[in-house]
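Trainee: I have a new structure open and no idea where to start. Can you walk me through it?
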Amino acid sequence: MSCHFKTLVRLILVIFISSFFLSPALFSTHKIDKEYTQKILDYTTEKFFLTELVDHLPASETVPSPQKVLGTIIGAPNILHYTAEINKYMEAVAEASPRVEVFSIGLSDEGKEMIAVAVSDEKNIQRIKRIKEILALLADPRQIKDSQAEILIKEGVPIYWITGAMHSPECGSPEMLMELVYRLAVDDSDFFQTIRHNMIILITPVLEVDGRDRYVDTYLYKKEHKDKKTLPLVYWGNYVGHDNNRDAIGLALKLSENILKTYFEWHPTVMHDLHESVPFLYTSTGTGPYNAWLDPITINEWQELAYAEISEMTKRGVPGVWTHGFFDGWAPSYSIYAAMLHNSVGRFYETFGGTGADTLVRTVGAQSKRAWYRPNPPLKAVKWSFRNNVNLQQSALLFALKHVADNQIKFLKEFYLKSKRSVAKATTEGPAAWIIPKEEGKFLAVADLVNLLRKHGVEVCQATKDFTINKEKYPSGSYIIRLDQPYSRCADMLLDTQYYNPNDPRPYDDTGWTLGPLFNIKTVRIMNQKILDVPMTLVTQDVKIKGKVIREKNAICFVINHTTQNPLFKFRYQLKDIKMLAAETSFKAAEKKFRAGSFIIPLQSNPPQTVDHLKKAVEEIGLVAYGLKSIPKVKSHNLAVPRIAILHTWLSTQNEGWYRLAFEKLDIPYSYISLQDIRDTEDLKSKYDVILFPPVMFGKAQRIVNGISGDSPLPWKKSDKYPNLGGPDSTDDIRGGIELQGILHLQQFIKKGGLFIPITSNVSLPIDYGLVESVAVVKPKKLKTAGAILRARISDRTSPITYGYGPELGVHFNGAPLLETGIKAATGGIDIEALISGDSKGRASGRGSLKDPDVIQGRPYKPPKIKGAGTGIPAEYREMLKLFMPPDLAKIRVVLRFDRQEKLLISGLLAGGEELQNRAAVVDVPLGKGHIIFFAINPMWRFETKGSFFLLFNAFLNYDNLDAGRPKPKNEK
Ligand SMILES: [Zn+2]
């Protein structure tokens, strides 16, 4: 103890002395804002959480300090600002300073403005347009010669883009960024002049503008209701919470679109996202495995910048600034991949946050331990203030800015070099190209992928003739993504397969993301450089497929082939008043083969204007409808347009947000209901046909039943005082769960013909509460996988859930749950037959093989089975056993199974796959007139798993005919 104390005293002395020599506050000839400076010192808990860059505030006659506009200094205890206030401050600085300009970068999903603030010296601000041009040219070396590049590099400056508050409860960065803008605009020391002269700093104070304002409301609510439980941040943005930083592949959120649009407008050399969680300042590199598609130059730049910061901060005696641990560096789903997918550097901090702007004593766990990568670890316990967080983020950032400013030429040269090496990729490491073949029945899915790649800035071409490469023929119209382009790494990273060694450090997030299998379309990796000579043209606008009606004349019905393209689901809802049928098997008509599940639209039973509506819808959506002169001879049933409810908890709304988003992108109407609505609604079937229950984070059945506890109501709704609370759903009280009463309502709903679909962890609800017996969840013993793409096989081709699918499919699986089905599930894993017959160890040693019978010597051979005898169970037990058999045993259908072990892995991490092989991935269990469908996989994950969406859509459209194709069990009437 005393030893620690002495060290601490020595440390403080060293810091005091060193800061004495370093501090411009004491020696600078520039004026400082004394009142502000004193408050900085007051609000910082320890001297060693200050550096000479932030231990004072320079005064300005013209530019308003944050205190002047906002009333308090930045990092004051208990003070947080709304987005509008932050934007207002940035505008005020821009108004007053020729070194600052504010730009709008778009609106959020809820319509709030996101901004970028540019800070530099007056000269750079005046020539922003030219600097943008220069960086755009360096980004595409095909347009310039090396000699021109050299001139441009001297003329241009790097842009360093800092983004804050992606994660709403991590609330220090927007505050800090206001002060940083002020400092960068007014401080005239050499340090700041160099930064301004040599670069443009672009600052987006709040990325998640919707969530920021909600968070500030919850914080103020907490301050005012100290006696109450903390109000959780139920919603951040309109759709997702923390996963807003996992959308850089799917690009489904407005926030991601705005980030990417801003990237392409500015081509920032570095993008730096500010997060809070790790003590005291973690600067990103990661444990590895690092993303294998990035240019190693980028990875070296991670290290260079991280160590520039660590070194400067450590020299000044700041404890706990470190790198290497915490995160892996593997997946490209983080927002900083807007930069990384396009040859810029992406990086992030995690600083020690806290609860809002509180000051409190905090303890540090394992991260206070010294390690080779953390020679100067955080302290074990510390009194931590909001201002400390502001100091650390701001100081380290300024050192990073200074490092890039001092090395401006090097960073621009490396950016240009990386862009060149990306263009050369086709002929150096390869592949030369990717092909997305023209695939009959998949035009829309292919267009969707092509458009996504184009959104990422990838150039996509289309073959103008049929061609052959590597002895494979591809039709004209197939898409070719040449990898001799600046964004070749982006295309290759998104289309290639991933291998994550199970012995590597624990993955931080998803380990696989290959888009071809996830979209359920074919993609081909081509090493052969001859592909680059195939005649092709560049696709210059988004691919839009115009649909059509074929053989309209004299048709008495129309057929649309079911190939699991998602807009087909939209089509059903768009023509909801028109009667349609689903073919129960595949069939041939008009010399064309139609898959099981194909839509049949008979004119006779429909209103006269049906053809017009049909034409309009197929043309707009991009489908092909074939007119037939007779109704196809195939068994069919009615295609429903069910009333769908998406069920959410108040515990976590994150994962269901991806479901809402997918529904809304397809214009599918749905009701959005909470567990409490189920609890309080006796007759659910009168309101809904389908209840979909997307995954709940940390959800287990008991938590879903009991929900949030507490003595007094916890309202989640908008009020005059808290205008940002509420959101997609609101309530007077978030306490409670579905309760036992709700389970009964759910059971009644299903028995009356409703469909209930629990996804991943939620499968435990109907299992644990006895709605089914022949499905169980078992604990994995060997399996190790995380966010991987695995191969699954359709195992019941007649189930409507599998309509339109081919034999296999790439699915997203996160390691749980493992489903057990059948007798073992019903008996808790016991093999009853073996138990009763005592025959658990298989046949006796003897002659023959497993199937070829043993023959006892010296007596005539008798087969072991005689007529009337069961398998292994003595006849006298069999009748009695029937009493204990679960009622659903003979009725369950496993419609999708994980593939054999050797075929299982498509992308990501997988070990112990034998535990997963042939295991059920989707199971349909009838209950009364309705059904429960269990999903072990997540069919709607982060807008990436578009090829699995139709497993759900099929279930919806056929919810009242899910028994179609099921062989009747012997005892069923
Ligand atoms: Zn974060």
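Mentor: We will go from the overall build to the metal site, and then to some local details.

Mentor: Keep in mind that this is a predicted model.

Trainee: Okay. How many helices and strands does the protein have?

Mentor: There are 31 helices and 38 strands. The radius of gyration is 31 Å, close to the 30 Å that the globule rule gives for 973 residues, so the protein is as compact as a globular protein of that length.

Trainee: What box do the C-alpha atoms fill?

Mentor: Roughly 110 × 70 × 65 Å, taken along the principal axes.

Trainee: And what share of the residues is buried?

Mentor: Of the 973 residues, 60% count as buried. The accessible surface comes to about 39500 Å². Carbon and sulfur atoms hold 53% of that surface.

Trainee: What about contacts along the chain? How many join residues at least 24 apart?

Mentor: Take contacts between residues at least 6 apart in sequence. Of these, 80% join residues at least 24 apart.

Trainee: Now the metal. Which residues coordinate the zinc ion?

Mentor: His167 and His275 each do so through ND1, and Glu170 appears twice through OE. The distances run from 2.1 to 2.5 Å.

Trainee: What spacing do the donors follow along the chain?

Mentor: The spacing is H-x2-E-x104-H. His167 lies in the loop between β3 (159–163) and α9 (172–186), and His275 in strand β5 (residues 270–276), so the pair ties together parts that are 108 residues apart in sequence.

Trainee: Are those histidines buried or exposed?

Mentor: His167 is buried, at 2% relative accessible area. His275 is buried too, at 3%.

Trainee: Why does the site of the zinc ion count as irregular?

Mentor: The angles among its four donor atoms range from 55 to 148°. Four donors count as tetrahedral if all angles lie between 85 and 135 degrees, so that label fails here.

Trainee: Switching topic. How many disulfides are there?

Mentor: The count comes to zero. Cys490 is in no disulfide, and the nearest cysteine sulfur, that of Cys461, is 15 Å away.

Trainee: Is Cys490 buried or exposed?

Mentor: Cys490 is buried, with 0% relative accessibility. Cys171 is buried as well, at 1%.

Trainee: Let's try a serine. Where is Ser488?

Mentor: Ser488 is in helix α18 (residues 488–495). Ser488 is buried, with a relative accessible area of 0%. Leaving aside neighbours within four places in sequence, Ser488 is in contact with Ser422, Lys425 and Leu483.

Trainee: Now the backbone. Which peptide bonds are cis?

Mentor: The bond from Gly288 to Pro289 is cis, with omega near 0°. Pro289 lies in the loop between β6 (281–283) and α13 (296–315). A cis bond also joins Ala816 and Pro817, with omega about -5°. Pro817 is in the loop between β33 (808–813) and β34 (818–821).

Trainee: Why point those out?

Mentor: Because most peptide bonds are trans, and most residues other than glycine have a negative phi.

Trainee: Which residues other than glycine have a positive phi here?

Mentor: Ala165 is one of them, with phi about 50°. Asn918 has a phi near 60°.

Trainee: Where do they sit?

Mentor: Ala165 is in the loop between β3 and α9. Ala165 counts as buried, at 2% relative accessibility. Asn918 lies in the loop between β36 (905–911) and β37 (920–927). Asn918 is partly exposed, at 34%.

Technical notes:
Residues are numbered from 1 along each chain as its sequence is written. This is a predicted model: local features need pLDDT of at least 70, side-chain atom pairs count only at pLDDT 80 or more; totals for chains, interfaces and linings use all residues. Side-chain values use heavy atoms; hydrogens and water are left out. Donors are N, O and S atoms within 2.8 Å of the metal (3.2 Å for Na, K and Ca); water is not among the atoms, so sites may look incomplete. Four donors count as tetrahedral if all angles lie between 85 and 135 degrees; four count as square planar and six as octahedral if opposite donors are over 155 degrees apart and all others between 65 and 115; anything else is irregular. Helices (H or I, at least four residues) and strands (E, at least two) are DSSP runs, numbered from the N terminus. Buried means under 20% relative accessible area, exposed over 50%, partly exposed in between (1.4 Å probe, protein chains only). The radius of gyration is taken over C-alpha atoms; the globule rule is 2.2 Å times the number of residues to the power 0.38. Contact means heavy atoms within 4.5 Å. Accessible areas come from the Shrake-Rupley method with a 1.4 Å probe; for residues, only the protein chains shown count as cover. A disulfide is a pair of cysteine sulfur atoms within 2.5 Å.
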